[in-house]
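Hello,

Here is the structure I promised to pass on to you. Have a look at it first, and then read on for what I found.

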Amino acid sequence: NKYDFGLVGLGVMGRNFILNVADNGFTAFGNDLDEEKVNALIEEGGDTAKVNATTDNKVFLEALSKPRKIMLLVPAGKVVDIVIENLLPHLDEGDLIIDGGNSFYTDTDRREAYLSKKGINFFGAGVSGGAKGARRGPSIMPGGNKEAYQHVKPIFEAVSAKYNGEPCVTYLGPKSAGNYVKMVHNGIEYGLMQLTSEIYDVLKKGGDFNNDELHATYSKWNKGRLQSFLVEITSEIFEEEDSLGEGRLVDKILDKAKQKGTGKWTSQNAMDLGIPVPSIDVAVSMREISALKEERIEADKLYDRPSVEHMEKGTLEKITEEALYFSFIITYAQGLHQLADASKEYGYELDIAEIAKIWRAGCIIRAGLLADITEAFKANASLPNLLLSPTFVKKVQSTVDSARELVAFGAKNGIPLPGLSNSLTYFDAYTSSRLPLNLIQAQRDYFGSHTYERLDREGIFHTEWEKE
Ligand code: 6PG
């Protein structure tokens, strides 16, 4: 009997994903060069009629039912190409390869074009939710050939997370649509993480919140409109004791954030598209600034900082909750705006409501807010920006004043709040019918004869600005 599903790369994600497939009644076969990983999976799987594995490519491919459905959960980059080349001689027309990693979208386009010439269907399918998600139900973002997707659809729908019984997976669009959506998901992830850490900083410095109070505050928020995976895990982080010493672990962790590139790619591509995503950009910049720890220590000695005035705990808790809610909305708005534009630019034909829908559970950016976002785009599929949705006007209008208050508090007291202030500035600029960029046009025309348009009449104008 042939196996329903194949998976290459039996690291934590791969092993968990394959066990999840088996839990849902499909038979699955794993492949990895590492014999230990192969044996570990066979042992954990229990029954080799359901879950089996091998180090041998040929054995692996012969074991799969056709069209073969082979998922790759290997590191993004060269490894994906190597694995594809190893599989290729033994594949048949109509087989599917699904890259579940965080591959760069143009790599996916290249691989898809290359493989489709050989009759092989190549999918880029972002998988979000970490190791736990892979085991219990991730959010899956597949893109590729629509007809071929039908072969893998029942398996993906079964293994994915469910929101009110609805699977957190759907066919998103052709070519690299899936990887692109996952990339922006991660950009939003960077933004939300930056914001939750800024609020932590303010509560600590401006309100003397200790770890127990931080835990209590984030837990309480997680029961309200800020309910989200990131707020939930943040509340738990504050509780964790340091197993290697006294006190809480969070206080012992080096404040240098690493990154694997997906947030940076989101920002870079947003720049290419001409779509502003400043809340994401600054989240990337802050990871970069954090990495300059030694320079920061030096600089800290050179400059005075204002002594932080204190805000009453209750007041601070209220305005931080509102500011965080406000800036979460702004960050989702920017990411979704980028998706809508990329969809036109790259022909992805994305349905934003469907994307918000499959983000409601399973993924890292899952949040109560996504149910409202889904509704907003269902009500108007061509909404250019979430900020133009009538239901969101109320949410934003009622919280923006707290964002203003907090940004001012941060500025006055020397607490860096770049995610929050960029979100606020984005909001203020996006909602301004008149910006001072008329002056930039005048300057451009002054020094470079770049011409300008006028408010009051049609046409292209140039002025001889310099008087003799
Ligand atoms: C997910 C995560 C996952 C990964 C991030 C980490 O959706 O499950 O986004 O893909 O944990 O890519 O990214 P950084 O290492 O760049 O923070």
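Helix H14 (residues 313-346) packs against helix H18 (residues 400-413) in this predicted model. Their axes are 7 Å apart and make an angle of about 110 degrees. Angles from 65 to 115 degrees count as roughly perpendicular, and H14 and H18 are therefore roughly perpendicular to each other. On the H14 side, the residues that meet H18 are Ile 319, Thr 320, Glu 322, Ala 323, Phe 326 and Ser 327. Their partners in H18 are Val 400, Ser 402, Ala 403, Glu 405 and Leu 406. Sorted by type, the residues of this contact are six nonpolar, three polar and two charged.

Next, please find strand E2 (residues 28-31) and strand E3 (residues 51-54), which run parallel and are joined by four bridges. Ala 28 stands opposite Val 51 in E3. Between the two strands, the chain passes through helix H2 (residues 35-45), and this β-α-β crossover is right-handed.

Two spots in the backbone are worth a look too. Most residues other than glycine have a negative phi, and most peptide bonds are trans. Lys 66 and Pro 67, however, are joined by a cis peptide bond, with omega about -10 degrees. You will find Pro 67 in the loop between helix H3 (57-62) and strand E4 (69-72). Ser 449, in the segment after helix H20 (437-448), has a positive phi, near 50 degrees.

Finally, the domain assignment divides the chain into domain 1 (5-175), domain 2 (182-430) and domain 3 (435-468). The C-alpha centres of domain 2 and domain 3 are 38 Å apart.

Enjoy exploring!

Conventions
Residues are numbered from 1 along each chain as its sequence is written. This is a predicted model: local features need pLDDT of at least 70, side-chain atom pairs count only at pLDDT 80 or more; totals for chains, interfaces and linings use all residues. Two strands pair if DSSP finds at least two bridges between them. A crossover is right-handed if, with the strands pointing away from the viewer, the path from the first strand over the helix to the second runs clockwise. Domain bounds come from an automatic or database domain assignment. Axes are lines fitted to C-alpha atoms, for helices over the stretch in contact, and angles run from 0 to 180 degrees between N-to-C directions. Angles under 35 degrees count as roughly parallel, over 145 as roughly antiparallel, 65 to 115 as roughly perpendicular and the rest as oblique. Two residues are in contact if their C-beta atoms, placed from the backbone, lie within 7 Å. Ala, Val, Leu, Ile, Met, Phe, Trp, Tyr, Cys and Pro count as nonpolar, Asp, Glu, Lys and Arg as charged, and the others, Gly among them, as polar.
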